[in-house]
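I opened this model to look at its strands and its charged side chains. My notes follow.

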Amino acid sequence: MTTIPTLLEMLKAGVHFGHRPTRWHPKMAPFIYGERGTVHVIDLEKTAEKLAEALAFVKELGAAGKTILFVGSKRQAREIVKREALRAGQPYVNERWLGGTLTNFGEISKLINSYRSTKKALEVGELDKYTKKEQLEFKKKLAKQDATLVGLEHMNRPPDALFIIDQREEKTAIREAKRIKTPVIAISDTNVNPEDVTHPIPANDDAVKSIDMITTLVADAMIEGKTEYEKNRAVEMSAVAAAAAAAKAASVQNAPRAMVIGESL
């Protein structure tokens with residue numbers, strides 16, 4: 001079971017630091033403890049509560065064999081998002097969000113397939129038949145696609161949920177998710193509307209340690225759910241195999257009797 005960090009651990013990670021009061025969103029009022037110096041302080045007890053709810057939801061998704069698209073394009077989140085998404089075996093976007101990733105997945109899927117084909121052709125040497133100038137063009141195209149498609153390379157269908165680092169930064173992704181009713185788990189700082197997502201986690205979305213802590217926990221919950229899913233699948237497959245073996249044994253056992261009956265007729 002994924003363990004929720006203690007209040008002290010969250011304090012050390014800077015999870016409690018929000019933005020200046022002049023930049024706050026009124027809808028975040030229930031999650032704000034007060035002011036310290038020039039910034040709002042997030043109520044970490046509320047953070048722990050909402051974090052537990054979000055992680056339980058993530059685990060349920062993993063246990064059902066579903067996927068979460070990790071999204072974080074701000075500089076301090078990019079490597080963390082990539083690392084934890086890969087660790088959990090999930091797709092990710094850590095550069096630029098492609099418009100239509102959710103709402104026009106058919107077209108995005110074509111881009112992904114083209115990217116895969118070009119990448120494979122380069123790896124197996126199929127591009128050697130082209131001129132050096134043409135090969136260079138292919139490589140430039142691939143390098144450009146890498147920025148937006150590398151994390152989506154193995155995504156064959158739309159994700160079942162999104163995990164967002166910064167609601168303001170990823171507003172296009174959230175807008176698309178709302179349009180097609182895809183659940184969104186998000187780190188919600190004091191300057192955003194938590195009602196724009198289905199599972200807000202009130203926390204600092206700028207500090208590296210805060211981003212790292214929460215993203216790692218989301219990945220842990222997903223891995224835990226996937227492990228449960230794989231165990232259940234193994235049990236189901238064993239049951240199917242046992243039933244098939246029993247049916248085959250029964251068929252063999254009844255065969256001689258059927259032959260005898262047939263001969264007597």
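**Hairpin**

I started at the hairpin of β1 and β2, where two residues lie between the strands and glycine 37 takes a positive phi near 65 degrees. I kept in mind that this is a predicted model. Strand β1 covers residues 32-36 and strand β2 covers residues 39-42; they run antiparallel and are joined by four bridges. I looked up the partner of arginine 36 and found valine 39 in β2.

**Open sheet**

Next I traced the sheet. It is open, has five strands with parallel pairing, and follows the order β4-β3-β5-β6-β7. Its edge strands are β4 (92-93) and β7 (199-202), each pairing on one side only.

I then went through the pairs. β3 and β4 run parallel with two bridges, and phenylalanine 70 stands opposite tyrosine 92 in β4. β3 and β5 also run parallel, joined by four bridges. There, leucine 69 faces leucine 162 in β5. β5 pairs with strand β6 (residues 184-188) in the parallel sense over three bridges. I noted phenylalanine 163 opposite isoleucine 185 in β6.

Which side chains of β3 are buried on each side? I found Ile68 and Phe70 on one side and Leu69 and Val71 on the other, so both faces of the strand (residues 68-71) are covered. In a regular strand, side chains alternate between the two faces of the sheet.

**Salt bridges**

I turned to the charges. The structure holds 15 salt bridges.

I looked up aspartate 166 and lysine 74; their side chains meet in a salt bridge at 2.7 Å, N to O. The two are 92 residues apart, with aspartate 166 in the loop between β5 and α6 and lysine 74 in the loop between β3 and α3 (78-88). Are they buried or exposed? Aspartate 166 is buried, at 8% relative accessible area. Lysine 74 is buried too, at 9%.

Arginine 83 and glutamate 84 form another salt bridge, 2.6 Å from N to O. Arginine 83 is partly exposed at 40% relative accessible area, whereas glutamate 84 is buried at 3%. I found both in a network of salt bridges with Arg87, Asp212 and Asp220.

I also checked aspartate 160. Its salt bridge is with arginine 157, with the closest N and O atoms 3.1 Å apart. Arginine 157 is partly exposed, at 38%.

**Surface patch**

Last, I looked at the surface. Arg20, Arg23, Arg168, Lys171 and Arg175 gather there in a patch of positive charge. I placed arginine 168 in the loop between β5 (161-164) and α6 (171-179).

Note on methods
Residues are numbered from 1 along each chain as its sequence is written. This is a predicted model: local features need pLDDT of at least 70, side-chain atom pairs count only at pLDDT 80 or more; totals for chains, interfaces and linings use all residues. Side-chain values use heavy atoms; hydrogens and water are left out. Patches are made of residues with over 30% relative accessible area and no salt bridge: like charges are joined within 9 Å, nonpolar side chains (Val, Leu, Ile, Met, Phe, Trp, Tyr) within 5 Å. Accessible areas come from the Shrake-Rupley method with a 1.4 Å probe; for residues, only the protein chains shown count as cover. A salt bridge is a side-chain nitrogen of Lys or Arg within 4 Å of a carboxyl oxygen of Asp or Glu. Lys and Arg count as positive and Asp and Glu as negative; His and the chain ends are not counted. The place of a charge is taken as NZ of Lys, CZ of Arg, CG of Asp or CD of Glu. Two strands pair if DSSP finds at least two bridges between them. Buried means under 20% relative accessible area, exposed over 50%, partly exposed in between (1.4 Å probe, protein chains only).
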